[in-house]
Amino acid sequence: MTNLAERRGVETAVYQPAEDSHLLAETAAGEISADELVLEVGTGSGYVAEYVADETTARVLGSDVNPHACERARDRGVEAVRANLVAPFRDGVFDAVLFNPPYLPTDPDEERDDWMERALSGGESGREVIDPFLDSVGRVLAPEGRVFLLVSSLTGVEEVVERASENGFGAVALRDESFPFETLSVLKLVR
């Protein structure tokens, strides 16, 4: 059985920017102002954080569980820390949190044996990383803070919106883009 990295034909330890990255970056940049403190969870190469910082002059921090991703993001000039979701950050500090999560539904028999697999695999439902993120992100948001979350139709957008609602968030889709096998949406979550 091949892992996700082999199926994509990619030999890398860091998720490279793709259509989903650009959709999130462009959408979030249109919603963020210069005086805000922003966190990009799962920064990968740092593309989204760099794009938003360049377009808005906001201070954008990046975090990723992958040490190679943190290094790559730092090479782009992104302040990046190794972190699992929002665990190390103080309560109530971020005006916005951005996340392009691992969302591909993956057979539970496939092992996560490399960094690329971890960057892509959302578990059997596609929401294995999204759900804990939604359960914890509210803690680090400032009172008027908001979340910009990229979701795929493969993941079950209604289920994501429902989980967000259970955590006190209202959701609105800011932008959708259709591809042959999925539709990507950027959700804006606010309390």
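In which helix do Tyr47 and Tyr51 both lie, and how many residues apart are they? Select these two residues in this predicted model, and you will find that both belong to helix α3, where they stand 4 residues apart, about one turn of the helix. Their rings form a tilted aromatic pair, with 6.0 Å from centre to centre and 40° between the planes. Tyr47 has a relative accessible area of 18%, and because buried means under 20%, Tyr47 counts as buried.

Now extend the selection to the whole of helix α3, residues 47–56. Besides Tyr47 and Tyr51, the buried residues here include Val48, Ala49, Val52 and Thr56. The buried residues of α3 pack against helix α2 and against three strands, β1 (37–41), β2 (59–64) and β4 (94–99). If you turn the view to look at the helix and the strands together, you can see that α3 lies across β1, β2 and β4, and that α3 runs at about 175° to β2. Just after the helix, pick out Thr57, which follows α3 and has a positive phi, near 60°.

The strands are the next stop. Colour the open sheet of 7 strands and trace the order β3-β2-β1-β4-β5-β7-β6, in which the pairing is mixed. At the edges are β3 (79–82) and β6 (170–178), each of which pairs on one side only. On average, neighbouring strands of this sheet are turned by 20° against each other, direction ignored. Strands of a sheet pair through backbone hydrogen bonds, and the pairing may be parallel or antiparallel. For an antiparallel example, select β5 (residues 141–152) and β7 (residues 183–190), which pair over 7 bridges; within this region, Phe148 has Lys188 in β7 as its bridge partner.

From the sheet, move to Phe99 and Phe133, which form another tilted aromatic pair, at 4.6 Å centre to centre with 50° between the planes. Phe99 lies in strand β4 and Phe133 in helix α6 (residues 130–136), so this pair ties together parts that are 34 residues apart in sequence. Both Phe99 and Phe133 are buried.

Finish at Asp20, which is placed in helix α2 (residues 19–29). Is Asp20 buried or exposed? Its relative accessibility is 5%, so Asp20 counts as buried. A polar contact of 3.5 Å joins the side chain of Asp20 to that of Ser21. If you leave aside the neighbours within four places in sequence, the residues in contact with Asp20 are Tyr15, Asn100, Tyr103, Leu150 and Leu184.

Definitions and conventions. Residues numbered from 1 in each chain as written. Predicted model: local features only at pLDDT ≥ 70, side-chain atom pairs only at ≥ 80, totals over all residues. Heavy atoms only, no water. Helix = DSSP H or I, 4+ residues; strand = E, 2+ residues; numbered from the N terminus. Buried < 20%, exposed > 50% of the residue type's maximum accessible area, 1.4 Å probe, protein only. Polar contact = N/O pair within 3.5 Å; in protein donor to acceptor, adjacent residues only side chain to side chain. Contact = heavy atoms within 4.5 Å. Pairing = 2+ DSSP bridges. Axes fitted to C-alpha atoms, helices over the stretch in contact; angles between N-to-C directions. Phe/Tyr/Trp six-rings, centres within 6.5 Å; stacked < 30°, edge-to-face > 60°.
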